[in-house]
Amino acid sequence: MKKQAGRALAARLRAWRPRRKTAIRVALALVLVVLAPVVAAGSFLRASYAGTPAAAAVTRGRDAVWLGHAWLDGRRGPADIAELKRNLAGTGMRDLYIHAGPLEHDGTLPATAYPDARRMIGVLHRELPGIRVQAWLGDKLVRPGEGPGGLRLDDPRARAAVVESARQVMRAGFEGVHLDVEPVRTGDRGFLALLDALHPAVRGAGGVLSVAAQQIDPVPAMHAAARLAGSPKWWTQRYFAQVARRTDQIAVMSYDTALPVESLYGGYVARQTELALQVTPAGTDLLMGLPFYHTDDLGHHGHAETAAAAVRGARLGLSREDRGRARFGLALYVDFAATEDDWRAYRNGWGARG
């Protein structure tokens, strides 16, 4: 009986071995199918980070920095202004995006949100001649069916309220509006309709309209894959162009990429710069965002997403795609999280004087 059981087990083992080999082969094939594009993408980004930026790929005097709300509510004083002045000395800084919001979910903006604006704008103009001060306005966006906890751009009344909020901050002494509403999904017609109304309103008040833009598909249809995963991370290049045509200035939020290695991140910024340059109109300022913060989570690895890598990546992209473009700059996010190393990387890497 034992011999019969042993022979049966041996037979089953002999029959299982080919199936086991087949299963292993299938598993390996699936791993290769998944890993191959990842490895190829990694190699492409590393290659994008290689080479030497053109000597002329340095500041054009069109840079910007996002500044926190503390600049408008009385928390920033003479010592802070002196420090900002030191950090900006000799750089190509032109625009300060000072947080004057957030917008209410209906698009309105209480004047109490920026109580010290007029005085602070006057101080900044005196201490930083030539600097332009824009009101940074934003809110979380929601779509139909997502509840009341955000701004609805499909609602004409909300869009009209945002336009009036922009006129309001212009009357308060700001020289432009920097709009940062998120997440804008690629193809969002409500956002385009808002820009169509907002741009002439801001320009009519003597200001400029700036927009914070999401990243462009690094590979075709990446936005569609991201949407399936529940993330509106990327815009198509075509949609980016549609937004850029409706603004005076567009700043790409080229951070929060989840990339774990500095060379991959730098290559990614280089590629984003090239893609954005290809479709941004000649009359629109294109700014590439620099990470001036150091949080560590699934979307941002501070050791990889460095200011130095972003500066070099932007220079490489500019060198390859349109090195003679004058309307190009860097946008630094954000002042209250920045370190001395961040400021040094920006100044040294982007051609500050002195």
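**Exercise 1.** Is arginine 167 buried, partly exposed or exposed?

*Solution.* This is a predicted model, in which local features need pLDDT of at least 70, side-chain atom pairs count only at pLDDT 80 or more, and totals for chains, interfaces and linings use all residues. Residues are numbered from 1 along each chain as its sequence is written, and side-chain values use heavy atoms, with hydrogens and water left out. Begin with the scale: buried means under 20% relative accessible area, exposed means over 50%, and partly exposed lies in between (1.4 Å probe, protein chains only). Arginine 167 has 37% relative accessibility, so this residue counts as partly exposed.

**Exercise 2.** Describe how arginine 167 and glutamate 164 are paired.

*Solution.* First locate the two residues: both lie in helix 4 (residues 156-171), three residues apart, which is about one turn of the helix; helices here are DSSP runs (H or I, at least four residues), numbered from the N terminus. Next, their side chains meet in a salt bridge at 3.7 Å, N to O, where the term requires a side-chain nitrogen of Lys or Arg within 4 Å of a carboxyl oxygen of Asp or Glu. Finally, glutamate 164 is partly exposed, with a relative accessible area of 35%.

**Exercise 3.** Place glutamine 272 in the structure and list its contacts.

*Solution.* Glutamine 272 belongs to helix 8 (residues 262-279). With a relative accessible area of 1%, glutamine 272 is buried. Leaving aside residues up to four places away in sequence, glutamine 272 touches Gln215, Ile216, Pro218, Val252 and Met288, a contact being heavy atoms within 4.5 Å.
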